[in-house]
Amino acid sequence: MTMRPRYRTALFLAPAGAWFLAMLVLPLLVVIVYSFGERGPAGGYAPAFTLDNYLNLGSRWTAFRNTLTMAPLGTLACLVIAYPLAWFLAMRADARWRTLLLVLVIVPFWTSILIRSYAWIFLLGGQGIPSLLNALGLGNPRLINTPFAVLVGIVYGYLPLMVFPIYVSLERLDKRLLEAADDLGSPPMRRFLQIALPLSMPGVATGCMLVFILLMGEFLIPAMLGGGKVFFVGNALVDLFLQSRNWAFGSAVAAALVLVMLITVTAYMRFTRRWAGGRDDVALM
Amino acid sequence: MRLYALAVYLFLYIPIAVIALFAFNAGRHASQFEGFSTQWFGKALSNPFVMEAFRTSLTVALASAVLATLCGTMAALALQSVGGRLRAAFDALIYVAVMVPGIVIGIATLIALVTVFNWLNPVLAALWPLGAAAPQFSLGYGSLILAHGLFSMALVIIIVRARIAGMDRSLIEASADLGATPWGTFRQVTLPQIFPGILAGFLLSFTFSFDDFIIAFFVAGSKTTLPIYVFSSIRRGVTPEINAIGTMVLAVSLVLLITAQGLLQRGRRRA
Amino acid sequence: MTDRKDTISRKDFLAELERYRKGSVTRRHFLGVTGLGLATTVLGAAVPGLMPRRAHAEGSIGDRVVLASWPNYHDPANFEAFKAKTGAAVDMSVFGSNEEMLAKLQAGGTGWDVFVPTNYTISTYVDLGLIEPIDLSKLPNYDPASFDARFAEPGTINGTVYAVPRNWGTTGYVVNTSQLGALAKPTSWKEFWDMTKAEFSGRTMVHDYQLTTIGNALKYYGYSFNSVDPKELTDAEKLLMEVKPHLFAINSDYQPSMRSGDAWMSVAWTGDAKQLHRDMPEIEYVLGKEGGELWSDFFAIPKGAPHRDAAYALLDFLLTPEVNAKEVAFHGYPVADKRVNAILPAEMLNDPIMYPAAELLDPLEFGAAVTLTDPGRAELMARFKAA
């Protein structure tokens with residue numbers, strides 16, 4: 001009954017390997033092959049070998065720029081809002097209510113992001129917050145279909161992904177360290193900066209990573225709250241495959257996006273690994 | 001601090017309140033309130049497409065989570081005893097699978113499968129005996145499950161591996177010294193230790209698939225998952241039916257949560 | 001092509017496969033030439049379980065029909081009535097442009113039974129083999145003779161009917177006159193674009209649709225709505241890029257934003273204009289005096305429609321004059337069917353939004369097939385959206 005370990009290992013790895021090959025390697029290879037092709041006569045793809053698609057990437061510069069500014073900005077906004085909340089939950093909240101409060105952070109996540117974004121269309125639209133501000137005599141700003149609206153949608157959509165990892169790392173933190181610092185007369189800000197913040201860095205790194213990766217491929221929030229005016233690379237891809245039907249150029253844009261992500265994420269991981277003290281499980285989970 | 005937390009919870013729940021409010025709208029529009037009515041709840045519950053989309057989402061989420069958890073756990077276990085190039089290759093694949101944006105996975109899967117099917121279907125049709133219509137490969141359950149499971153599987157491998165890394169190895173050695181078979185050791189020592197990781201991986205996989213719109217949007221073919229149904233309802237012009245669906249899902253989860261919390265509290269007080 | 005060999009090279013096999021796939025050789029020929037015939041016969045005989053079993057449900061049309069259509073285009077009550085009559089529920093998805101529908105069909109596996117293409121696209125769908133001829137014997141309520149030929153003809157390609165007419169309309173723009181202030185009510189596309197850049201900055205919408213957005217930008221310069229001339233397209237692109245920062249949104253479903261007052265002006269189709277004007281009289285419809293689009297929408301059945309019987313039943317139901325009249329009362333687009341017009345109320349038949357004056361209709365153009373596949377227009381639209 002006992003199998004030779006080598007065969008067992010091979011057998012255990014085979015399904016995952018086959019899955020990766022069929023659903024990851026093959027599709028990405030097709031994308032790479034198509035990215036050197038041409039637009040078909042009625043749209044789609046026609047075989048060819050040309051670098052034109054890559055040379056034409058400049059025409060999507062705005063989309064790349066928007067993504068590369070909004071993704072870090074959105075990540076930062078999530079972090080700034082999530083950290084104090086995670087702190088409150090881990091350090092201050094009544095232990096009896098902590099679980100409930102934690103779950104309440106994630107409950108909105110259970111309604112589709114589509115419905116939640118739709119609610120924001122109403123809230124940020126003329127009959128929502130702007131009319132409220134107007135009634136209060138604070139002007140009547142246009143909010144919907146602006147980068148600000150997209151940012152609100154991003155924070156709303158991704159906040160729980162940031163709160164949880166930070167909460168977990170703060171929760172694990174040995175509170176006696178903070179008490180000891182307090183006993184030794186260290187001011188609160190210094191205690192925070194020298195003890196709590198460095199020790200919660202793994203959670204911060206994980207949260208930022210998760211949010212950043214998801215934001216780089218985002219297309220729904222800008223489509224719904226940006227009115228087609230805040231265009232991400234994801235929106236450019238949807239347009240190229242589901243509207244303008246240029247599979248070849250679309251493939252080049254997709255390849256470029258993956259490359260940009262490989263570079264930024266790898267750089268980020270190098271950076272945080274040094275920062276968070278060499279733990280290599282930090283960035284991914 | 002408390003005030004700050006309250007503000008964040010308000011931010012989180014005001015849109016939810018808006019959704020719930022318009023679910024009770026008597027009018028057809030989801031933005032102009034025209035009186036109170038519960039008709040949309042009935043409409044949502046009796047709409048066969050909503051129920052079917054729900055079933056499709058459930059099936060896809062369950063199947064992809066089960067497969068991803070199984071294949072991912074097996075791979076994580078096997079990767080312990082693998083080194084060199086194979087290990088590097090798997091590490092790279094896991095890294096890429098987690099990092100490539102969903103939208104690229106969706107598009108790449110779509111064009112790859114369309115291309116493959118365009119070649120495979122005629123061959124199959126030609127090979128099919130007796131002139132009857134041959135089955136055709138097309139996008140649907142298969143592509144949804146496999147495309148969703150890909151990311152999930154990478155996630156499961158990462159989580160289970162972290163769990164294995166944190167495992168107490170001396171227990172395994174002790175078990176082997178005491179003469180347990182490898183299977184016995186696995187079942188009695190390894191599995192209980194890595195099980196929380198497997199469960200977490202399964203739950204994450206399920207949630208990811210159940211929620212996913214972007215990948216499904218490209219690879220669902222003629223199948224409609226719940227997020228796709230919601231998307232097309234929004235494009236059709238939102239009626240409060242969508243609000244009703246969202247509200248019901250939330251209400252059920254909230255009631256379950258609060259009951260659970262209440263029971264826990266009572267149990268604790270007694271103890 | 002009758003000489004048979006026992007073996008076939010890989011290259012020849014692929015060539016034959018490609019020919020078979022395109023339909024230029026028969027299955028029998030393909031199997032014979034490639035030697036796969038013998039293999040399949042043996043396989044088929046040896047493994048009886050491989051024989052396909054097909055379950056046929058005769059008589060019933062099934063419980064559903066999948067329709068791909070446009071925003072604000074169907075009266076939900078008619079779908080309810082169809083379900084009550086036949087037992088088949090209508091599952092509708094909505095699209096904002098013909099290009100979007102084409103992209104979906106090209107990727108395959110849509111599951112659609114019926115969709116609503118516009119006149120200029122039908123010849124392309126036929127060329128690409130994406131739609132099937134209509135079996136008129138299954139549409140007893142469709143009477144070709146009662147249709148105005150101008151709006152029905154594009155559905156017939158080389159003598160074969162591939163699509164039956166639904167309704168027609170124009171593409172102009174809606175403007176919320178309460179926001180005009182001292183401005184006179186605009187009457188031209190020139191004013192539409194100029195106002196967008198000035199007084200109506202941040203309040204104008206254009207379609208997410210190359211035909212109307214580029215077409216009406218071309219009209220600013222007095223070019224043809226259908227131009228694919230590179231120089232003229234360059235001019236249109238310049239205008240669109242200038243206008244982009246001043247737009248409220250790029251979206252083919254502009255009714256919600258017009259209703260909420262967020263948008264004050266939008267490129268619009270007849271029926272949306274009619275629906276908006278009905279509920280908010282201050283929203284008026286303008287046909288640019290330079291011209292623009294006159295169009296006719298059709299019902300077509302994609303190849304491989306999974307519920308074909310239900311598709312025909314739905315088409316026949318919607319083409320029944322009484323039902324069609326209810327549709328018109330809901331969507332506000334004119335139909336070319338005399339039988340329907342005979343039962344429509346007079347105020348509808350005299351409605352200036354639905355039936356514009358002759359001098360406004362005359363300069364309008366039907367969309368041209370070339371615009372659907374012209375890469376210049378597709379890329380221009382994509383660049384405009386990505387800018």
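A residue counts as buried if 20 or more other C-beta atoms lie within 10 Å of its own. Keep that cut-off in mind for Arg245(A): with 26 other C-beta atoms within 10 Å, Arg245(A) is buried. The model here is a predicted one, and Arg245(A) makes a handy way into it. Arg245(A) sits in the loop between H11 and H12 of chain A. Its backbone stands out too, since phi of Arg245(A) is near 55 degrees, which is a positive value in a residue other than glycine.

Stepping back to the whole of chain A, there are 12 helices and two strands. Going from the N terminus, chain A starts with α-β-β and then carries on with α elements, the full run being α-β-β-α-α-α-α-α-α-α-α-α-α-α. Along the principal axes, the C-alpha trace of chain A spans about 75 × 75 × 35 Å. Of the 285 residues in chain A, 49% are buried. Contacts that reach across the sequence are well represented: taking contacts in chain A between residues at least 6 apart, 70% join residues at least 24 apart.

How confident is the predictor in chain A? What average pLDDT does chain A have? The average is 89, and 95% of the residues of chain A score at least 70. Among the elements of chain A, helix H2 (residues 52–55) has the highest mean pLDDT, at 97, while helix H8 (residues 175–183) has the lowest, at 84. The end of the chain is another story: over residues 278–285 of chain A, pLDDT stays under 50. For that stretch of chain A, the model has 22 contacts beyond four places in sequence.

Chain B has 11 helices and zero strands, so to speak an α-α-α-α-α-α-α-α-α-α-α pattern when read along the sequence. The C-alpha atoms of chain B fill a box of roughly 75 × 75 × 35 Å along the principal axes. The radius of gyration of chain B is 24 Å, whereas a compact globule of 271 residues would come out near 18 Å. Buried residues account for 42% of the 271 residues of chain B. Among contacts in chain B with a separation of 6 or more, 78% are between residues 24 or more positions apart.

Now for how the chains meet. In the pairing of chains A and B, 62 residues of chain A are in contact with 59 residues of chain B. Several helices of chain A each supply at least two residues to this side, including helix H1 (5–34), helix H3 (61–92), helix H9 (188–216) and helix H12 (247–275). H1(A) gives the most, with 16 residues. By class, the side of chain A that touches chain B divides into 49 nonpolar, nine polar and four charged residues.

Chain A also meets chain C, with 28 residues of chain A in contact with 28 residues of chain C. Here the elements of chain A that give two or more residues are H3 and H11. The largest share, five residues, comes from H11(A). This side of chain A has nine nonpolar, 13 polar and six charged residues.

What about the inside? The largest nonpolar core has 255 residues, and those with the most contacts inside it are Ala86(A), Leu150(B) and Leu314(C). Domain 2 (64–168 + 295–343) and domain 3 (170–293 + 363–386) of chain C both give residues to this core, so the core lies between them. Leaving aside neighbours within four places in sequence, Leu150(B) is in contact with Trp19(A), Met23(A) and Leu24(A) from chain A, plus Ala97(B) and Ile105(B) from chain B. Apart from the largest core lies another, of 11 residues, among them Phe151(C), Ala152(C), Val328(C) and Val335(C).

Two loop residues of chain C round things off. Is Trp112(C) buried or exposed? Trp112(C) counts as buried because 25 C-beta neighbours lie inside 10 Å. Trp112(C) is found in the loop between helix H5 (98–107) and strand E3 (114–115) of chain C. Not counting residues up to four places away in sequence, Trp112(C) touches Val66(C), Ala68(C), Pro302(C) and Ala305(C). Asn158(C), in the loop between strand E4 (156–157) and strand E5 (160–161) of chain C, counts as exposed, with 7 C-beta neighbours inside 10 Å. Phi of Asn158(C) is near 50 degrees, again a positive value in a residue other than glycine.

Notes. Residues are numbered from 1 along each chain as its sequence is written. Chains are lettered from A and ligands numbered from 1 in the order in which they are written. This is a predicted model: local features need pLDDT of at least 70, side-chain atom pairs count only at pLDDT 80 or more; totals for chains, interfaces and linings use all residues. Two residues are in contact if their C-beta atoms, placed from the backbone, lie within 7 Å. Helices (H or I, at least four residues) and strands (E, at least two) are DSSP runs, numbered from the N terminus. Ala, Val, Leu, Ile, Met, Phe, Trp, Tyr, Cys and Pro count as nonpolar, Asp, Glu, Lys and Arg as charged, and the others, Gly among them, as polar. A residue is buried if 20 or more other C-beta atoms lie within 10 Å of its own, exposed if 12 or fewer, and partly exposed in between; C-beta atoms are placed from the backbone. pLDDT is the predictor's confidence in each residue, from 0 to 100. The radius of gyration is taken over C-alpha atoms; the globule rule is 2.2 Å times the number of residues to the power 0.38. A nonpolar core is a set of buried Ala, Val, Leu, Ile, Met, Phe, Trp, Tyr and Cys residues joined through C-beta atoms within 7 Å. Domain bounds come from an automatic or database domain assignment.
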